[in-house]
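Trainee: I have a structure open and I'd like to learn how to read it. Could you walk me through it, feature by feature?

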Amino acid sequence: GPATAARMEALGIRTGRDLRERSLAFQQEHFGKAGAHFHAIARGEDHRPVVPDRPRKSSGSETTYARDLATPPEVEQGIAALAEEVWAWCEKTGTFGRTVTVKVKFTDFRQVTRSRTSPVPVTSRTELARISRELAHGVFPLPKAVRLLGVTVSGFDGMDAVRPDQISLDFG
């Protein structure tokens, strides 16, 4: 987090290499119990179990642009393309969420997100595109040019993840 980053910066730790060059004793002295974790991670050691089949919480798409987007129409076009990619995944997997989030990162690396949660899942390409566009409008007028855009859908909790118009085959 920000406090640990500030502490590392004050100790001259700015990169993974800087962290790797510090001893375990140094890291434990300055970061307590987390020092051992930092020491291991900087060396590629992580013994936590891999859980490959855990439920997906979100799906999204983002793009960092080679040329910064300077106008609202450029941002709208980028958002539309990303919403289309996200919709393709939703349609392919049959998974629909209730929350749509738009991420905008400006050229100064300041980042803002805007989200909207619907009472029911977003189940159409048009609806996802409309919500994404409206959320993007929340950052207009642009304070700076945009270097990155993202669109994510989440809120796949339980039955909310399927189309509400699907017939239930639960006979229990």
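Trainee: Let's start with the hairpin of E2 and E3. How many residues sit between the strands?

Mentor: Keep in mind that this is a predicted model. In that hairpin, four residues lie between the two strands, and Phe109 has a positive phi near 70 degrees. Phe109 takes that positive phi although it is not a glycine. You'll find Phe109 in the loop between E2 and E3.

Trainee: Is Phe109 buried or exposed?

Mentor: Phe109 is exposed, as its relative accessible area is 53%. The cut-off you need here is that exposed means over 50%.

Trainee: Okay, now the strands themselves. How do I read a sheet?

Mentor: Start with the general idea: strands of a sheet pair through backbone hydrogen bonds, either parallel or antiparallel. Here, four strands make an open sheet with the order E1-E4-E2-E3, and their pairing is antiparallel.

Trainee: Which strands stand at the edges?

Mentor: Strand E1 (58-69) and strand E3 (111-117) do; each has a single partner strand, so one side of each is left without a neighbour in the sheet. On average, neighbouring strands of this sheet are turned by 10 degrees against each other, ignoring direction.

Trainee: How many bridges join each pair, and which residues face each other?

Mentor: Take them one by one:
- E1 and strand E4 (residues 146-154) are joined by eight bridges, and Ser59 stands opposite Val153 in E4.
- E2 and E4 are also joined by eight bridges, with Val151 in E4 as the bridge partner of Val102.
- E2 and E3 are joined by seven bridges, and Val100 stands opposite Arg116 in E3.

Trainee: Is E2 mostly covered or mostly open?

Mentor: Mostly covered: of its eight residues, seven are buried. Look at helix H6 (residues 125-137) too, which lies across strand E2 (99-106), E3 and E4 and runs at about 40 degrees to E2.

Trainee: What about the loop after H6?

Mentor: Pro141 has its place in the loop between H6 and E4. The peptide bond from Phe140 to Pro141 is cis, with omega near -5 degrees.

Trainee: Next topic: cores. What's the general idea?

Mentor: In soluble globular proteins, nonpolar side chains tend to be buried together. In this model, the largest nonpolar core has 28 residues, and Val75, Val104, Val146 and Leu149 have the most contacts inside it. The elements giving two or more residues to this core are E1, helix H5 (72-93), E2, H6 and E4. H5 brings the largest share, eight residues.

Trainee: Which residues is Val146 in contact with, leaving aside its neighbours within four places in sequence?

Mentor: The list is Asp68, Leu69, Val75, Val104, Lys105, Phe106 and Thr107. Apart from the core of 28 residues lies another one, of six residues, among them Ile13, Leu19, Phe31 and Ala42.

Trainee: You mentioned H5. Is there a proline in it?

Mentor: Yes, Pro73 is found in helix H5. Pro73 is exposed, with a relative accessible area of 54%. Pro73 and Val51 are 22 residues apart in sequence, and their C-alpha atoms are 41 Å apart in space.

Trainee: And how do I describe two aromatic rings next to each other?

Mentor: A pair of aromatic rings is described by the distance of the centres and the angle of the planes. The model has three aromatic pairs. One of them, Phe31 with Phe38, is edge-to-face: 5.4 Å centre to centre, with 80 degrees between the planes. Both Phe31 and Phe38 are buried. Trp87 and Phe96 form a tilted pair, 5.5 Å centre to centre and 45 degrees between the planes. Trp87 is buried, and Phe96 is as well.

Trainee: Where does Arg22 lie?

Mentor: Arg22 lies over the face of Phe26, at 5.7 Å from the ring centre.

Trainee: Last one: which residues of helix H4 are buried, and what do they pack against?

Mentor: In helix H4 (residues 33-41), the buried ones are Gly35, Phe38, His39 and Ala40. These buried residues pack against helix H1 (2-10), helix H2 (16-20) and helix H3 (24-31).

Note on methods: Residues numbered from 1 in each chain as written. Heavy atoms only, no water. Phe/Tyr/Trp six-rings, centres within 6.5 Å; stacked < 30°, edge-to-face > 60°. Buried < 20%, exposed > 50% of the residue type's maximum accessible area, 1.4 Å probe, protein only. Lys NZ or Arg CZ within 6 Å of the ring centre and 35° of its normal. Contact = heavy atoms within 4.5 Å. Pairing = 2+ DSSP bridges. Axes fitted to C-alpha atoms, helices over the stretch in contact; angles between N-to-C directions. Core = buried A, V, L, I, M, F, W, Y, C linked by side-chain atoms within 4.5 Å.
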